[in-house]
Amino acid sequence: MTVNSRVVIIGAGVAGIRAAKDLPRRIRKPDWDIVLIDQNNYHQYLYRIHEVCNMEYDQKDITVPIARLIDGEKVEFKKAVVTNVDTKRKVVVTETGEEPYDILIVTLGSHPAYFNIPGIRDNSLTLGSFSEAQIVRERIHALLEKSEKRGKAPEIIVGGAGFTGIELTGELTDSLLIWYKEHRIPTPETIVTVVEAMPTILPGWKEELTAEGRKILEGRGVRFYFSDPVVKVGENTLELKSGEVLKPDLFIWTGGVAGDPVCGTDFEIRSRRITIDEYCRARGYEDIFVAGDMACTTNSEGIPQPPTAHIAMVQGDIIARNVAAMINGGEMTKYEFMRAGEIVTLGRTNAIGDLFGLHFSGALAKLMKKFIHLWYVNSIGGLGLLKDS
Ligand code: NAD
């Protein structure tokens, strides 16, 4: 019996799903199998994960079964937790066994970066997945019950005013104001406190947008600490560099992300991610492609860029083409960094955005974010999935 060659994709995030959908129609050799491995049997709309915290959303709004997205006849899905990649033996090690590969696509996403801050890992919640967001939601719910009895609102602190921190804060301020009324908890002056190491929210973004976002959030009772990084975290204490000690009932850490640590040792790492060549291959490897949050994507000047869902999508598509070119024969396509921009939501009805150099805010920006989501849903699941969204 001849054994087929294998393309193994680890991670069913944006890049992994795009590659898994596109590869079967591109590979023209029948003796190749495609295997997709993920710890969950669903794909997550991670860019909407902060919305889970406001209690109106359920798993079906934020996730979609992988079986609905891939052609099961052509792509074999395996639910397993990847623990290592052994590049010498060319196997993916999972908690339940080993999966040999001939070509590997690494798209495992990211994990919170803790920057060795003492106590932070044990005393904070994070927002990296649907289940983590559910835990935040449950903890807030429990705090509201407690606060109702003691008649005092909880102290909720968000660490890091980057994209995740600001979207979460927008969501929380919207919802908390309603929940306090429902629970008959007196509305405090500060609804959410945000601690940021840099002098602004959304560091690196256009100043006019960050100023607008800050004003909107401050108007809803957000208190910011700027240029004052978190340096130590205890069970109910948060120490800042300035020496100030805050006392959170709930601390959510949104201070940054790093590529999944699984593949740490075998690859060249830069900015907490795997460096890639112009074809999205891990530097130094002909048979391993990397995309999305795990890849250190650089601009034309070689400067690492923050990961976005758009970058992951483009890289997933290019990798599908390049893997097919390796198998069928043909030219590989170069990845060229292009920044489309971002929209940052500020709760249920508001957002600020910078897309292709144009600035948007308010309900229009929020509507555009919704439209981009529907466009993405259509791109991975077609009209059938779109109609259920
Ligand atoms: P991030 O790196 O964008 O932001 C982290 C923030 O935490 C930064 O502002 C940083 O200065 C701050 N920080 C770091 N250490 C700190 C400390 N000790 N104390 C206080 N503050 C500290 O990370 P993120 O917000 O998790 O986003 C991760 C990636 O996901 C980003 O690259 C982003 O592009 C992407 N993302 C995009 C969107 C969107 O486009 N709407 C939404 C969410 C995430």
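**Two domains and a ligand between them**

Let me begin with helix α6, residues 309–328, which has 20 residues and spans 28 Å from its first C-alpha to its last, close to the 28 Å expected at 1.5 Å a residue, where the expected span is 1.5 Å times one less than the number of residues. Helices here are DSSP runs of H or I with at least four residues, strands are runs of E with at least two, and both are numbered from the N terminus. Just after α6, G329 takes a positive phi of about 95°.

I should say at once that this is a predicted model, in which local features need pLDDT of at least 70 and side-chain atom pairs count only at pLDDT 80 or more, while totals for chains, interfaces and linings use all residues. Residues are numbered from 1 along each chain as its sequence is written.

Turning to the overall division, the protein consists of domain 1 (5–112 + 258–341) and domain 2 (130–255), with bounds that come from an automatic or database domain assignment. Their C-alpha centres lie 32 Å apart. The contact between them takes 12 residues from domain 1 and 14 residues from domain 2, two residues being in contact if their C-beta atoms, placed from the backbone, lie within 7 Å. On the domain 1 side, the residues that touch domain 2 are 6 nonpolar, 5 polar and 1 charged; here Ala, Val, Leu, Ile, Met, Phe, Trp, Tyr, Cys and Pro count as nonpolar, Asp, Glu, Lys and Arg as charged, and the others, Gly among them, as polar.

Where, then, does the ligand lie with respect to domain 1 and domain 2? Because both domains give residues to the shell around the ligand, it lies between them. That shell holds 28 residues, the closest being G160, G162, F163, T164 and P306, and a residue is taken as near the molecule if its C-beta atom, placed from the backbone, lies within 6 Å of it. By class, the shell has 16 nonpolar, 9 polar and 3 charged residues. Both α4 and β23 (341–345) supply at least two residues each, and α4 gives the most, with 4 residues.

Finally, two loop residues. N116, between β10 (110–112) and α3 (130–150), has a positive phi near 55° without being a glycine, and N116 counts as exposed because it has 7 C-beta neighbours inside 10 Å. The cut-offs are 20 or more other C-beta atoms within 10 Å for buried, 12 or fewer for exposed, and partly exposed in between, again with C-beta atoms placed from the backbone. R184, in the loop between α4 (163–182) and β12 (192–195), also has a positive phi, of about 55°, and with 9 such neighbours inside 10 Å R184 counts as exposed.
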